[in-house]
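Trainee: Could you take me through one part of this model in close detail? I would love to see how a pair of helices meets.

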Amino acid sequence: MSRLRSETLGTITERPRRPSLWNGSLRRDHFRLDDLPPDEIQDGQQYTHYTSSKSGPSTRSRSFAWPFHGRNTSEAVSTTRSSRFTLRTWQPQTFFRSHDDAASIDRSIIPDYVVNFIRGETPETLARRKEQKKWGERDVDVTPRRETFASHPIEFGHYYSSSSDLTQDLNADSNWSQRSGLRRHITGWRGGVIFNSLISFLILLVGIICLILVITKTRLLSGESAIYSGDCGTAQHINIGIHVVINVFGVALLSGANYVFQVLSSPTRREVVVAHENKHWLDIGVPSLRNFAHISGVRTTIAAIILLSAVATQVIYNAVIFTTQNVVNYNVLFVTQSFINHAPFNNNPETNDGGLSDSELTNLQNAASRAGTLTNMTSTICLQQFSSVFQPSFDAVLLITDSVSTTSSLIQASKSGTSLATFTSNNNDITAPDGSLVQYCLARPSAPQTCSVNLSGSILGIAVLLNLATVIGMAIILARSTFEPLVTLGDAIRSFLRNPDSTTANACLLTKPDVRRGSWAFSEAQFFVPKNHYWFQTPSLPRWALTAFSWLAIGVPSAAALGFLTRWNLPVDEALTPFGVATPHLTFLPPSSPFETAPAALLAALPQLLLAVLYFVVNAHLTTYFLSHEFSRFALSPRPLRVSSSAAGEQTTSLFLTLPRPVSWTLLLWFAAAGFVLSQAVFPGVVAFAAPAGGLPPRPDVVAVSFSTQALLALLALLVALAIGILGLGARRAAAASLAGGEGKGNPLVLRGGSCSAVISAKCHHHHDRNPEDGPRDLWLRSVVWGVVEDGQGMRPGRCGFSAGSVGCVDAGRNYV
């Protein structure tokens, strides 16, 4: 028999049961409200009559309003107990499945199992008391009569039972927050991927155009082609301009790859559930290599390809452009003091290995006799100037010895380009072939040299292929329309609020050290220990070590190279060499010389690999800072959830994931500048020799590695600025959101030790049954704040969680679950 309690009379009216109309695992009894006598329906009340129209219910006078008329299609067992409920937002389409006209006669029938559901309590709720929910009040009070019941889950408006089907959140698409296809693909992380894909495609297009121009000009893909030939100053400016563009492109590719990598390495809710069941935690909101062991193998492969392609592209693009200096090989002559005074000399093959003609020897003798025509140097300076790979400033040098010869004033004419280091003794004196010592030198200045800016077609082709791989990888992720990862902190909070994680229940003060120890749930309530939290405490110790190592991997070699290259007591203008210009004393031949141009260019660009790694590490480090900062702000005031896709209600979405745009842009500018400076600090030094006047044919071109001390000094300054920025942000203190001795101290939402899915899920048990006015109805769609939702009384601990209303501050002297 069904029982209905009248609001005014408080009596129980019994009616004969009607046959069950719905098939199910339980027997359901029904009665009609139309069968009730008029005296049992109060005047002024309304009976809601449902029609097949989608416009909603229609009302008739002298009727009784029921707040539900259907059953949820979920087959999960409901564990909700309540004695009253409130229907604030009523949507008929969420109550009913479609019915045909023949069944419309049964829409005024209330099944008895719904009444039993409201009156009683299932045995499951006794075992899962922590997941109870409480409904608000509307127009009807129904008094529970039974202590146990069994039911199918039902949904009132947007209220979900605590054990609602988790697959509704695990599935990729949720029917409550779908947007149009176009808008869905241009907002959130999908919009960010599209933006980065377009940038990568534009860079690819520029590379393809340049490659086509090279092929049409040289008719070959391999080899080099000159972009410009002429004045060295102009060539230097062109080289600098192109490398600025290259490094802007390179950092854009790195940024896009990092963005897509963070999306692909972010877990889905299903992957989080599987990991938590096995007591493994995942990273949320930060780029993560750690998640690779727990996410899809396809996503892992695509993420690795995109990341490696972007890093390789950064290195290879910086090897595409290089500058060649065209210099005249210098002649080396050992002469006596009488040579300057026009003393006779013998030009025979035994003393003329350089193959100088008589006219060239005479011209040098005449120039030496005229004061101021040649540059006078000490033997020490002469040794420094003519012991390098090349000498761009002089085309001949006369080494005046202390020899006194009566037959010939020319002692020896060595091969052009011979290093004077081959003639030095143990005490660094220059010794002539006849054993005499060099007293000083006279060097003849050369004509202004020319330079050319060259492009390597083969290296450009490799860079284009890697760029293409990056673009394809980014496009693949857009084709996965069902992929819905927990990319941002808001995504995780939304998911855990909709379907709380049972593995972290009653552990609202869970910390990452607790998770590492395996303490995912507490057997008793925990006390909050208030401590001032500084941002540098957010990254874990291994992350700090990785950041420091990545910084030192560039900083230490740069400082060592700068100290080594400036060890000579040179004037300041010679010690600080300009950007990207090869100088003789800072150009070094590889051990396996001769060296081809393309391998030398790649070798000189290898330090860009360390810079790319530093970008990824620093980006993740700063992302950890701001992830904790974003989470801690929920303990200060109500804030909407910032999600990466399918925003609904008060939720917001943005193209950036965790790192705010101003910080991200600043980081990009820094690394673009650092990449350019590094490309000018270490670069291929290519020298093309011309035959000296009156000498033998020129020697082969020299391909070496050159350094710029000015660029190395600028790189060190940028590295110091980066370190100061990281440490400066780390010195910030998180805003206080808890009480200790009546004063604000500490914040329970800071992520000490970095991102952790278990810690985040532990904070998202909202305990709405203790806050009926700020209940769970679409809590994730509203602006929420985290705090004490129920004060503890006696031995009962307090409860903390998210709420859409007011909450209390966590007190250091109380315990919470």
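Mentor: Happily! A crossing is left-handed if the near helix is turned anticlockwise from the far one by less than a right angle, and right-handed if clockwise. Helix 18 passes helix 20 in the left-handed way; helices here are DSSP runs of H or I with at least four residues, strands are E runs of at least two, and both are numbered from the N terminus.

The model is predicted, so local features need pLDDT of at least 70 and side-chain atom pairs 80 or more, while totals for chains, interfaces and linings use all residues. Numbering starts from 1 along each chain as its sequence is written, and side-chain values use heavy atoms, without hydrogens or water.

The axes of helix 18 (residues 607–632) and helix 20 (residues 709–730) come within 10 Å and cross at roughly 20 degrees (lines fitted to C-alpha atoms over the stretch in contact, with angles from 0 to 180 degrees between N-to-C directions). That makes the two helices roughly parallel, a label for angles under 35 degrees.

Leu614, Val618, His621, Leu622, Tyr625 and Phe626 of helix 18 meet Leu719, Leu722, Ile726, Leu729 and Gly730 of helix 20, where contact means heavy atoms within 4.5 Å. By class, this contact has 9 nonpolar, 2 polar and no charged residues; Ala, Val, Leu, Ile, Met, Phe, Trp, Tyr, Cys and Pro count as nonpolar, Asp, Glu, Lys and Arg as charged, and the others, Gly among them, as polar.

Technical notes. Parallel < 35°, antiparallel > 145°, perpendicular 65-115°, else oblique.
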